[in-house]
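Dear colleague,

I am passing on to you the structure we spoke about, and below it you will find my notes on what turned up. Please read them with the model open beside you.

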Amino acid sequence: MPSFLEKGSIRYPLICLIGITLILLGIISYYNWLFAILGLLLSVIPFYFIIQMNVRQRKETEEYITTLSYRVKKVGEEALMEMPIGIMLINDEYYIEWTNPYLAYSFTEDSLVGRSLYDVSPSVIPLIKQEVETEIITLHNRKFRVIHKKEERLLYFFDVTEQTEIEKLYEDERTAIAIIFLDNYDDLTQGMDDQTRSSLNNSVTSILNKWATDNGVLLKRISSERFFAVFNENILQHLEKDKFTILDEVRELTSKQNVQLTLSIGVGSGVSSLPELGTIAQSSLDLALGRGGDQVAIKQPNGKVKFYGGKTNPVEKRTRVRARVISHALKELITASDKVFIMGHKHPDMDAIGAAIGINKIAQMNKKEAYIVLNPNEIDLGVRRLLEEIKKHETLYERFITPEQALEMETDESLLIVVDTHKPSLVIEERLIHKIEDVVVIDHHRRAEEFIENPLLVYMEPYASSTAELVTELLEYQPKTAKIEMLEATALLAGIIVDTKSFTLRTGARTFDAASYLRGQGADTVLVQKFLKEDISNYVKKAKIIQNVIFYKPGVAIAKAQRNENSDNVLIAQTADTLLTMDGIYASFVISPRADGQIGISARSLGDINVQIIMESLRGGGHLTNAATQLSDMTIEEAEARLKLAIDEYFEGRKKE
């Protein structure tokens with residue numbers, strides 16, 4: 001420890017004082033040496049005491065620091081050994097070199113030194129290998145936050161069991177809101193007498209009240225067809241685990257009374273704001289209804305949506321009121337715009353083109369310019385044949401433009417109508433959706449998570465056979481200022497025929513009404529067959545794919561193309577349709593490489609197996625009987641393995657239900 005005399009602020013003044021004293025004593029000795037000696041003796045005494053004081057203070061300081069160092073070292077040792085923080089040193093081979101007693105106690109061991117992490121705590125290994133700085137793991141029913149110091153090969157273990165329990169308790173107790181809707185209550189009860197309607201109401205209310213009581217749900221009926229439910233996240237997890245069996249219970253109960261009443265439930269969860277929960281619940285319900293009803297939709301805070309149910313085909317509605325209202329609203333939007341652009345999905349089929357031609361006629365009836373956006377390089381053989389026929393009708397053919405032309409022609413007053421899809425990623429030109437503010441969506445597919453943002457008007461009817469059917473109904477309520485031409489009616493009819501597989505699948509009474517109307521407008525069925533004639537080379541390709549068919553499960557067929565044989569979406573879908581016509585096949589799946597490097601999977605069923613759920617698990621979608629997906633960055637063998645896994649999960653889920 002340095003002396004305080006060594007400090008410059010004390011040493012230099014003291015040296016100056018000694019020097020001045022010696023000079024003065026020298027001057028005094030010149031006159032009287034006795035006084036000089038006396039002065040010297042008097043000067044030495046204080047300097048002596050100063051030096052003694054410095055020595056004593058230095059000794060005391062050294063003793064204090066020595067004591068403090070000992071205490072700090074002892075506290076450090078006690079902290080290292082006694083504090084409730086686990087400390088572990090490991091070597092490069094993941095063997096434990098040292099741990100403090102607390103960590104050994106946490107592992108219920110006397111000592112961990114010399115043990116391998118693979119034996120003691122294998123869950124820590126991935127954290128070290130992936131160089132993760134911190135992560136929560138479970139050890140002997142306790143939660144630990146592990147902090148990894150790579151350079152020192154050091155691990156800290158902080159017990160956060162109580163913290164995680166409090167967090168889980170908070171999450172479990174968060175409020176969730178559900179809106180329960182009786183899908184077809186008005187249609188079913190419209191012709192019932194009071195006694196039958198009352199009996200149905202009592203049955204449904206009783207089973208819902210019992211379900212609410214058994215699960216701790218607060219349930220309140222707010223209208224004849226709508227219920228409001230409040231519960232917490234813990235109850236929601238329990239309901240999800242049971243796959244919302246209330247859907248099946250209501251369907252089975254009402255079917256015994258010779259009615260087919262189904263439920264749709266929209267759930268809002270994951271946020272603390274009650275108004276926001278209500279908004280999410282209503283949005284989830286809209287999504288469930290947009291997918292055909294008889295299902296539960298749960299919107300999560302991250303934007304993802306979970307679906308349960310959806311086992312039955314959507315029930316066709318009896319009334320045309322909605323079609324008339326939508327037709328009138330569409331008329332108002334068209335007349336308020338200066339130009340109308342119509343766009344379907346990439347690689348459009350007959351349904352998308354037929355619906356686009358129908359919308360073009362609606363714009364013409366309202367005396368507005370309309371243009372159909374089409375990429376001539378991305379069309380199949382049937383659509384190409386239709387376009388060859390359209391070229392003979394110059395007034396209709398000039399309505400077709402490329403995406404680049406559309407981007408140049410659009411204005412602030414333009415209207416964009418998207419047909420046969422509602423996903424931005426699937427439209428022919430996604431930039432048009434962002435450039436044109438006013439957008440209308442007309443589609444017959446079940447609503448998916450991805451959806452065009454803020455459309456002015458949405459007409460989605462998953463019960464309809466095709467978008468061409470929906471557009472045909474809209475045409476019937478438009479001003480009769482222009483006659484529907486034969487080719488226009490034929491294109492719409494071709495769209496219906498393609499999507500219904502010649503009126504064999506997803507065909508309702510409204511489908512035949514629309515076909516009858518188009519036939520009355522001059523639709524040529526012979527010309528439709530000409531458009532839909534199959535190419536011999538495509539037929540051979542289909543036969544090669546079918547040749548490789550296997551039965552993965554009873555009634556479930558999977559056909560796989562060769563690794564180097566690319567097929568387009570139409571061919572894959574047609575192959576799946578062909579497989580479904582064969583004896584003993586109730587669901588068909590066709591896998592094939594595509595020209596864009598992706599693996600396409602097309603799925604078809606007769607209704608007993610919900611291929612939509614299977615395809616949605618592979619990030620695809622569609623209908624209960626008709627669905628598809630595209631997979632990227634994998635081989636056809638890997639795609640087949642993922643498909644089989646999805647099929648297994650679907651059948652396991654059915655067994656649990």
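**Serine 414 and its surroundings**

Serine 414 is found in the loop that lies between helix 16 (403–409) and strand 15 (415–419). Please keep in mind throughout that this is a predicted model. With a relative accessible area of 1%, serine 414 counts as buried, because that term covers residues under 20%. Its side chain reaches the backbone nitrogen of threonine 411 at 2.9 Å. Leaving aside residues up to four places away in sequence, serine 414 touches Ser337, Asp338, Lys339, Phe341, Ile436 and Asp438.

**Strands 3, 4 and 5**

Elsewhere in the chain, strand 3 (residues 134–139) pairs with strand 4 (residues 142–149) in the antiparallel sense, over six bridges, and within this pairing threonine 134 has isoleucine 147 of strand 4 as its bridge partner. The hairpin of strand 3 and strand 4 has two residues between the strands, and there histidine 140 takes a positive phi near 50°.

Strand 4 is also joined by six bridges to strand 5 (residues 154–159), and these two strands run antiparallel; here histidine 148 has leucine 155 of strand 5 as its bridge partner. The hairpin that strand 4 and strand 5 form has four residues between them, and arginine 153, which sits in the turn, has a positive phi of about 50°.

**Helix 10**

What does helix 10 (residues 246–255) bury, and against which elements do its buried residues pack? The buried residues in this helix are Ile246, Leu247, Asp248, Val250, Arg251 and Thr254. The buried residues of helix 10 pack against helix 8 (194–215) and against three strands, namely strand 9 (263–268), strand 10 (295–299) and strand 11 (305–309).

**A nonpolar patch on the surface**

On the surface, a nonpolar patch of about 1100 Å² is made by Ile18, Leu22, Ile28, Phe35, Leu38, Leu40, Leu42, Val44, Ile45, Tyr48 and Phe49. Helix 1 (8–31) and helix 2 (33–82) each supply at least two residues of this patch, although helix 2 gives the most, with eight residues. One of the patch residues is isoleucine 45, which lies in helix 2. Isoleucine 45 has a relative accessible area of 44% and is therefore partly exposed, since that term covers values between 20% and 50%.

With best wishes

Methods. Residues numbered from 1 in each chain as written. Predicted model: local features only at pLDDT ≥ 70, side-chain atom pairs only at ≥ 80, totals over all residues. Heavy atoms only, no water. Buried < 20%, exposed > 50% of the residue type's maximum accessible area, 1.4 Å probe, protein only. Polar contact = N/O pair within 3.5 Å; in protein donor to acceptor, adjacent residues only side chain to side chain. Contact = heavy atoms within 4.5 Å. Pairing = 2+ DSSP bridges. Patch = residues over 30% accessible without salt bridge, like charges linked within 9 Å, V, L, I, M, F, W, Y side chains within 5 Å. Areas by Shrake-Rupley, 256 points an atom, 1.4 Å probe, with all protein chains shown as cover. Salt bridge = Lys/Arg side-chain N within 4 Å of Asp/Glu carboxyl O.
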